[in-house]
Amino acid sequence: MGDSPFTSAVVVAEQVRSGVSSPMEQVEAALAAIAEREPKIQAFAAVLGDQARAEALALSRRPDLATLPLAGVPVAIKDVIPVAGLPMREDAVTDGGRGG
């Protein structure tokens with residue numbers, strides 16, 4: 001994910017579009033950062049690592065990769081936003097975000 005897990009989306013996208021980095025490298029860096037920090041901060045209800053890797057691989061094969069403005073930028077989506085195939089919680093504020 002650039003030089004750190006806190007590299008801006010603009011920098012990450014430019015690195016991927018220019019070929020300095022690949023979508024898969026960005027995904028692996030994001031997943032490594034999550035694995036390192038998640039036990040302490042417990043920020044994620046679900047981490048879709050296999051899906052992210054599959055999407056990164058598909059993205060890296062696109063001939064128009066260099067024209068896609070956010071190509072390779074990993075994203076996290078809060079579990080109060082509907083995502084197909086994942087449960088959505090409505091109680092995230094009332095219990096500190098841990099369910100229950």
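In what order do the elements of the protein chain run from the N terminus on? With the whole chain of this predicted model displayed, follow the backbone from the N terminus and the elements come in the order α-α-α, a set of 3 helices with 0 strands.

**The whole chain**

Before selecting single residues, colour the chain by accessibility: buried residues make up 26% of its 100 residues. Switching on the surface gives an accessible area of about 6,800 Å², of which 61% belongs to carbon and sulfur atoms. If contacts are drawn between residues at least 6 apart in sequence, 55% of them join residues at least 24 apart.

**First stop: helix α1**

Select residues 9-18, which make up helix α1, and within that helix show the side chains of Glu14 and Arg17, placed 3 residues apart, or about one turn of the helix. These two form a salt bridge in which the closest N and O atoms are 3.0 Å apart, one of 6 salt bridges that a search of the whole structure finds. Glu14 is partly exposed, with a relative accessible area of 40%, and Arg17 also counts as partly exposed, at 27%.

**Second stop: the loop after α1**

Move on to Ser21, which is found in the loop between α1 and α2. Is Ser21 buried or exposed? Its relative accessibility is 11%, and because the cut-off for a buried residue is under 20%, Ser21 counts as buried. Show the side chain of Glu25 as well, since the side chain of Ser21 makes a polar contact with it at 3.2 Å. Once neighbours within four places in sequence are set aside, the residues in contact with Ser21 are Gln15, Val16 and Gln26.

**Third stop: between α2 and α3**

Now select Glu28 and Arg53, whose side chains meet in a salt bridge with an N to O distance of 2.6 Å. Glu28 belongs to helix α2 (residues 23-41) and Arg53 to helix α3 (residues 49-60), so this pair ties together parts of the chain that are 25 residues apart in sequence. Both partners are partly exposed, with relative accessibilities of 33% for Glu28 and 30% for Arg53.

**Fourth stop: Lys78 and Asp79**

Further along the chain, select Lys78 and Asp79, and a salt bridge between their side chains appears, at 3.6 Å from N to O. How do the two partners stand in accessibility, buried or partly exposed? Lys78 is partly exposed, with a relative accessible area of 46%, whereas Asp79 is buried, at 13%. With the salt bridges still displayed, add Asp50 to the earlier selection of Glu28 and Arg53: salt bridges that share partners join these three residues into one network.

**Last stop: a nonpolar patch**

Finish by selecting Val75, Ile77, Val80 and Ile81 with the surface switched on, as these residues form a nonpolar patch there, with about 370 Å² of accessible area together. Centre the view on Val80, which is placed in the segment after α3. Val80 has a relative accessible area of 35% and is therefore partly exposed.

Notes: Residues numbered from 1 in each chain as written. Predicted model: local features only at pLDDT ≥ 70, side-chain atom pairs only at ≥ 80, totals over all residues. Heavy atoms only, no water. Salt bridge = Lys/Arg side-chain N within 4 Å of Asp/Glu carboxyl O. Helix = DSSP H or I, 4+ residues; strand = E, 2+ residues; numbered from the N terminus. Buried < 20%, exposed > 50% of the residue type's maximum accessible area, 1.4 Å probe, protein only. Patch = residues over 30% accessible without salt bridge, like charges linked within 9 Å, V, L, I, M, F, W, Y side chains within 5 Å. Areas by Shrake-Rupley, 256 points an atom, 1.4 Å probe, with all protein chains shown as cover. Contact = heavy atoms within 4.5 Å. Polar contact = N/O pair within 3.5 Å; in protein donor to acceptor, adjacent residues only side chain to side chain.
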